Amino acid sequence: MLLTISTTHRPATDLGFLLHKHPDKVQEFSQSFGTAQVFYPEAGDERCTAALLLDVDPIRLVRSRGASSPDFSLGQYVNDRPYAASSLLASAMAEVFRTARAGRCAARPELPEQAIPLEISLPALPCRHGGVELAHRLFEPLGWQVEAAAVPLDEGFPEWGNSRYVRLTLRGEVRLADALNHLYVLLPVLDDAKHYWVASDEVDKLIRAGEGWLAAHPDRGLITRRYLTRRTALTRAALARLAEVGDDLEDALEPPIEEEVTESPAEATPGEESAEESAEHTAEEPGGEPTPDRPAPLNVLRREAVLAALDDVGARTVIDLGCGSGQLVNALLANKTITKIAGVDVSAHALTLAARKLKLDRMSDARRARLDLFQGSLTYGDSRFAGYDAAVLMEVVEHLDPPRLPALERVVFGGAKPGHVIVTTPNAEYNVRYETLTGMRHPDHRFEWTRAEFRHWATAVAARYGYQVDYRPVGEDDPELGPPTQMAIFTAGGGDV
């Protein structure tokens, strides 16, 4: 199997520094399942290409898997593993390019931090249960231009249709370390399989490789579940850690959406999953663009509901209190009627991720002039919170210990005094609809309110600080349990002060 990485960065041979592999040499690396070679088909100042060629030995692969192998009989020896990019290539890449993935270069320490033009090609990539569309869906949100074409089963017999394999080319201006980590995570996700037993340490690997991009990916639930081979406990643990940067877990808690498996029987090869195993893999989590069969995830619905509320109240300056990784801030920047935007979070790590997601270092001057990101605590008075038409507390209040809520109320409603405050929080009554949920929706939640408890709190706050309050459902409004998320819109000028 083959992976090529090309750049037109000047001088292009800087790729050798980034990969820590000299362009004049062919280097060989032994793997438990075969041999990896790195060589440069071209190396000039204007264009440079590095190739990773992995020669898989089926006998060594079987021996390395041992009794834990999910394959059986002849299927262990006759399969697509020597030819199609999979977790084998991801593992080899992770070892061969370990220092490059970490973003280190002792000789040129400034070089790994630069986004450079890259072109990555994979001539044979298995894309189970999604094909070309899934490749676009996973890579495009990361800033890649995706060129994907299905590989026909047999070019001499077009009526047989396409295989599950895709020729993939990615182009973009990306840090090389980020590009390698995208591939490390997404190759086994697209293949929907791994060549080794997945244990708890895979969660740490996923979090490290996904730093700076996975938490904000619209299909993070799908990616996490497939990467962890649908092991529910590991998936929930990983999503909980990703949610520490400001998002919640409802997209992974939703009942899975049934996908139609379109592969023809002719596509099956020895060693591939049985019909029973294939049926188990037809379920996939919601995420990405909504379709009639794929409703929008709750985090998307929540963000859209907040944007609609801001539009309804006519807000032109907005502060996002507890902005996390910056998803709402990004959406606000896209609305040119919003003239001033601030994002605040107590976590410096979350703000670093937000800055990277927003591409702050490459943002236009006009766009940058509208934005302010800064660290701050919502339980301590801060003059920087004041002067905005509207403040948003989107899935924030439930992360505070209840005794600290009065401090937040004083800071936001009493000190900052925006014209409007929009608050969203989970509806605890709806939790019974999540079949896999035990306890609260996030391990960092200090409480989750019922509808009555939320209204009691909001009504008291409105009366205390001179606001009127209106309520809206977010997500499907269950006639018995209410919506999954509840929203309150506070407007200054009412209440019994």
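**Helices α5 and α6.** I looked up which residues join these two helices in the predicted model. On the α5 side I found L134, A135, L138 and F139, and they meet H182, L183, L186, V189 and L190 in α6. Sorted by class, the residues of this contact are 8 nonpolar and 1 polar, with no charged ones. I noted that α5 covers residues 131-139. The two axes come within 11 Å and cross at roughly 150 degrees. An angle over 145 degrees counts as roughly antiparallel, so I entered α5 and α6 as roughly antiparallel to each other. The crossing of α5 past α6 is right-handed.

I also kept a general point for reading such lists: an α-helix has 3.6 residues a turn, so residues three or four places apart point the same way.

**Helices α12 and α13.** I turned next to helix α12, residues 298-313, and helix α13, residues 327-334. They pack with their axes 11 Å apart, at an angle of about 45 degrees. That angle makes α12 oblique to α13. I recorded the crossing of this pair as right-handed. From α12, the residues N299, R303, V306, L307 and L310 take part, and they meet Q327, L328, A331 and L332 of α13. By class I have 6 nonpolar, 2 polar and 1 charged residues in the contact of α12 with α13.

**Helix α7.** Which residues of α7 are buried? I listed E202, V203, L206, I207 and A209, in a helix that runs over residues 201-209. I then looked up what covers them. The cover includes four helices: α4 (98-101), α6 (176-191), α8 (220-227) and α9 (232-242). Helix α6 thus appears in my notes again, here as part of the cover over α7.

**Cysteines.** How many disulfides does a search of the whole structure find? I got 0. I checked the accessibility of two cysteines. C48 has a relative accessible area of 0%, so I entered C48 as buried. C105 is at 6%, and therefore also counts as buried. The cut-off for buried is under 20%.

**P11.** Where does P11 lie? I placed P11 in the loop between β1 (2-7) and α1 (14-19). Is P11 buried, exposed or partly exposed? Its relative accessible area is 36%, so I put P11 down as partly exposed. I also looked up the separation of P11 from C48. The two are 37 residues apart along the chain, and their C-alpha atoms are separated by 8.7 Å. Of this pair, C48 is buried, whereas P11 is partly exposed.

Key:
Residues numbered from 1 in each chain as written. Predicted model: local features only at pLDDT ≥ 70, side-chain atom pairs only at ≥ 80, totals over all residues. Heavy atoms only, no water. Disulfide = S-S within 2.5 Å. Buried < 20%, exposed > 50% of the residue type's maximum accessible area, 1.4 Å probe, protein only. Helix = DSSP H or I, 4+ residues; strand = E, 2+ residues; numbered from the N terminus. Contact = heavy atoms within 4.5 Å. Axes fitted to C-alpha atoms, helices over the stretch in contact; angles between N-to-C directions. Parallel < 35°, antiparallel > 145°, perpendicular 65-115°, else oblique. Left-handed = near helix turned anticlockwise from the far one by under 90°. Nonpolar A, V, L, I, M, F, W, Y, C, P; charged D, E, K, R; others polar.
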